[in-house]
Amino acid sequence: MFPNKATVEALEDAAHMAEVQGRSLWGDARERFFKNRAAVVSLVVLICIAAFGFLGEFVAQWERDFVDFSLMGANATQGVPSFETGHYFGTDASGRDLFARVVQGTRISLMVGVVGALVAVVVGTLYGATAGYFGGRIDGIMMRTVDVLMSIPFMFVLILMLVIFGRSLFMLFLGIGLISWLDMARIARGQTLTIKNKEFVEVAFATGVHPLKIILRHIVPNLLGIVIVYATLLVPSMIIFESFISFLGLGVQEPNTSLGALISEGNKNVGNGTPWQLAFPLFFFVITIFAFFFVGDGLRDALDPKDR
Amino acid sequence: MTAYIIRRLAVAIPTLLILVILSFVLMYAAPGGPFNSERPLPPAVLANIEAKYGLDQPFWKQIVNYVVGVVTQFDFGPSFQYKDRSVNDIIAQGFPVTLTYGFWSFVVAVGVGVSLGVAAAIKQNSWLDYLAVGISVGAQVLPNFVLAPLLVIVFTLWLDWLPGGGWNGGAWQNMVMPVIALSTSYMASIARITRSSMLEVLNTNFIRTAKAKGLPMRRVIWKHALKPTMLPVISYLGPAFVGMITGSVVVDLIFSTGGIGQFFVNSAFNRDYSVIMGITILVGSLTILFNLVVDILYAWIDPKIRY
Amino acid sequence: MTFKSKMMASTAALLIASSHAAWADGHATHPETGDALATEQVFTYRDLDESPSIDPGVAEDSAGGDILRDLFEGLMNQDADGNLIPGVATGFEVSDDNLVYTFTLRDNAKWSNGDPVVAGDFEYAWKRAASPELASPYSWFIELMSLENASAVIAGEMDPSELGVTAIDDSTLEVRLTQPLPYFAQMTTHFTTFPVHKATVDAHGSEWTQAGNMVSNGAYKLTEFVPQERMVRERNEMYWDNEGTFIDKVVRLVIPDENVALTRYLAGELDRTAVPTGQFPRLSEEYPDEALSVPTACSYYYTINLTDTGNPALMDADVRKALSLAIDRDVIVDNVLAGGQKPAYTFTHWATAGFETPDIPMASMSQADRNAKAAELMTAAGYSADNPLEIDLIYNTSEGHKSVAIAVSQMWKQTLGVETTLANQEWQTFLETRGNQDYQVARAGWCADYNEASTFLDLMDSGSGYNDAKYENAEVDALLAEAKTADNPQANYDRVEEIVAQDTPIIPIYHYASVNMLNDALVGWPVNNFQQNWYSKDFYKKAE
């Protein structure tokens, strides 16, 4: 479900290599990234999808929750995608405009992905950097805790949480964030261990800078490259994860929707003569995830010249 | 090594305890009990039921009784929802099912995934490579809850080759679709990991040396490149295994195979505390066990790692 | 050679020869209808989920009831129209004060192990169902039957042996009630009253319901049971009417996903499955002989919290009435559900036995008039586009409830400018929220326990535990109490429905229909049985 241990370890190596590269790292990386055609195309696609999700509302002819009672239950014949009616993507079984709903679904799915990744990045980086910086017993306790948490089947716990506390976007973010920071913490710690022996950290320490400040000012910025790569790979996992939650009926509340919820609903009606209900959301879902994968791979390759 | 294993197992105990307490507290905090129904039960009836399942006792006593029952007698208690059965019955019935199709999915995912990845890496940038990458990315993106009903439509309704669901004691016909649905996305991940790992290995000095010495390519791959290639794949097997157990939720719901995934989802919705606890503990223990096995495998393959 | 053995012989011969031999179909015909019988008399149907229990004393859901009516037989059965016909009892007598029922049991009823079914088996089963020791969630049914001492026994204040049921001898069962119940005999068709074989329970404890252990007295016995997957019930050779039974084997499959179940039905793997919401129009067009919609004894309504925790604006009966008027039930029934449901303006289901739906003014208005009236009431109550009414609506997670809630909230918005916040909750959470009056408007459904209007209207009684609106009206209470003993309570029911329509503590939306795909080769489905109580022994499969 999440970027696996292999990726995690590859990333640890990658950032290590990158560190050796010195100052020209970012410039080199940018150059390498833009030479990767798949990654660049994907980046453009991603920008388009984001624009669709955030600006598509202005193109839509209908409100996403407006029910056209004359189309309700008749969408197989009258809710067909059409430019004339303004229902570009057709309507769903309740007579609502699918275009407006796909726009919102895309937005929510992107948000779930990005916010989930953000939680993972912030919590994981700080946790990992702290553990790595202090080392010794603190490190031992903090990382054992991560090991313990990693053995918990979080998917099950998250299902329980959503069932018990009711579904909401907040709960979803919280649950996803809770699971995803663990790997990030491990990566960040590994990196911190190599960084903390560098001269600039030692100098800062010798001049009596507060540890918290050292972590935030000197260590975290140097983790940034690897963190960005990992986060990019985490986003599609989050989106897939959310779709699974939606399939179980535990996703966002009506009238809001997500790509996962739309796919799940379209899937139910696939035999009922409304293939567009599945096709459009699935298209955006697949394209988004493809694009994130390729951008993530491109970033990793750019920061890790060893694969070339 | 032995000391390492013992240490890991020792950590497992508090982990499980945390898991038990966490899920117990979660459920205790939940609104709605297992015996709510459309028709609220008369107080006398409710009192009888709560007394029968020990729910009238204070919280700490319930949890102590539970842990003692599990530890001393391996008894996970009665199911609150399926009143004719105990949690042990349910796990004894559902777990072998999940394990069987999980095992075959695992075999298929690793077998096909590694072959695809190796083939793609050897013929890098050929049509085979593009095909393999295309298949694996495609398989990873298509949610299995979309794929699974599609399989039923194709193989049962149109082609009439396979039964549309059920377990039937584990007949192979009943297993084909669950295994396809469960293995595809893992197969895809494994193929991608194998490909990039193999590419990396092929660029290392010892492989170049082997090639320079004039060893046939086949021998280079099998004898020298494959073993180091498998390292990242093996580390992926832990999460993959857990994913398959979790993925059984979709398989059970679509193919009605009767595995633990279905029991878990149902019991979460029904507040069947004891079944949730039983399955969570089971899956938690398996996760710990499997992560340990993976680490041992890892050490066995990579002599650089010391514990 | 009896008919039955002839059929068995031909089936056996056929199994040996070839299962494809169509000529054999001509050999067996149904004695009454003359239809040629299919060689394979197997009925396969789908359930959504495993039933909590198949122990008659403990079982609690209607799917479990379907299973139990095949495996066990109670004192009385229902025929295809829901009328009482003899089961294990050949008949009963009622005392003059309507308080003592005496059932006479047939002498040829047998358990599947050959033991005779005696009155003591019923006495044991009923006392067991009421005992606190068994702690059955359905022990309240014994209380509902008004058996003597039932409440005290359930509360543990009295020994179960004090319960008002006694086996006078092997073939006579005496039942004593605390109050006359016109529908008491109907209640003996319910699974909680089915007999239980004591020796089996004693021998196997709670595992007596497993295949191989279970001894039952119905037309079928349990031969295979894999929970959450499949259950097989096969002909019980000991059953007293074995010769009049045609279906040899009933297979129940659990398929959680209704769309997959439909696919499997279309692939020929099932004889019966539910039609997913909204797909009935298409299916009834494509498979007119198979898509079947029959009224079933439930009403769908929204309940409004009338206590302090509710929405203050909804304390005004006119506002509630406006909300009710603004719901276009025809759209919901025809477009959202589209499965042969009927719009509801009264709480009691239109098909309830002996009930005439009274004339509620709203029912005969056009929707345009209703909308105009609703808008008028809202304006009078002081709400407008600038000052919109805001409502929270909760429903339990389900595609159907979701569609209805979306439609209703849009009707309120488009007609009255009401802003509705939807929230769906998991079933158990939902029940808790609603039961604690922690809501403003909530979805609700009620299914008849027996086929008489009071099963619905009793919910409007201020003392009813199921009155989630906490509606209190002294006149309603008095009318309902009077109806219990009245010879013809219709007038009371009319008046109650009128008052409820006026006060609008609940908003009736539609009356349920059971919408299924049913293999057209299967004959005998009780389409007119209001509670949809079906018995596999009444079916047969005709040859193609």
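**View 1. Secondary structure and overall dimensions of chain C in the predicted model.** Helices, of at least four residues, and strands, of at least two, are DSSP runs numbered from the N terminus. By that count, chain C of this predicted model has 18 helices and 19 strands. Its C-alpha atoms fill a box of roughly 80 × 55 × 40 Å along the principal axes. The radius of gyration of chain C is 25 Å, which agrees with the value near 24 Å for a compact globule of 544 residues.

**View 2. Burial and contacts within chain C.** Of the 544 residues in chain C, 52% are buried. When contacts in chain C between residues at least 6 apart in sequence are considered, 67% of them join residues at least 24 apart.

**View 3. The contact between chain C and chain B.** Here 44 residues of chain C meet 42 residues of chain B. On the chain C side, two or more residues come from each of α4 (139-144), β10 (249-254), α8 (258-266) and α15 (427-435), and α15(C) provides the largest share, seven residues. By class, this side of chain C comprises 21 nonpolar, twelve polar and eleven charged residues.

**View 4. The contact between chain B and chain A.** In this contact, 40 residues belong to chain B and 33 residues to chain A. The elements of chain B that each supply at least two residues to the side touching chain A include α1 (2-29), α7 (172-202), α9 (217-255) and α11 (273-301), and α9(B) gives the most, with nine residues. The side of chain B that touches chain A has 28 nonpolar, eleven polar and one charged residues.

How values were computed. Residues numbered from 1 in each chain as written. Chains lettered and ligands numbered in written order. Predicted model: local features only at pLDDT ≥ 70, side-chain atom pairs only at ≥ 80, totals over all residues. Rg over C-alpha atoms; globule rule 2.2 N^0.38 Å. Buried ≥ 20, exposed ≤ 12 C-beta atoms within 10 Å, placed from the backbone. Contact = placed C-beta atoms within 7 Å. Nonpolar A, V, L, I, M, F, W, Y, C, P; charged D, E, K, R; others polar.
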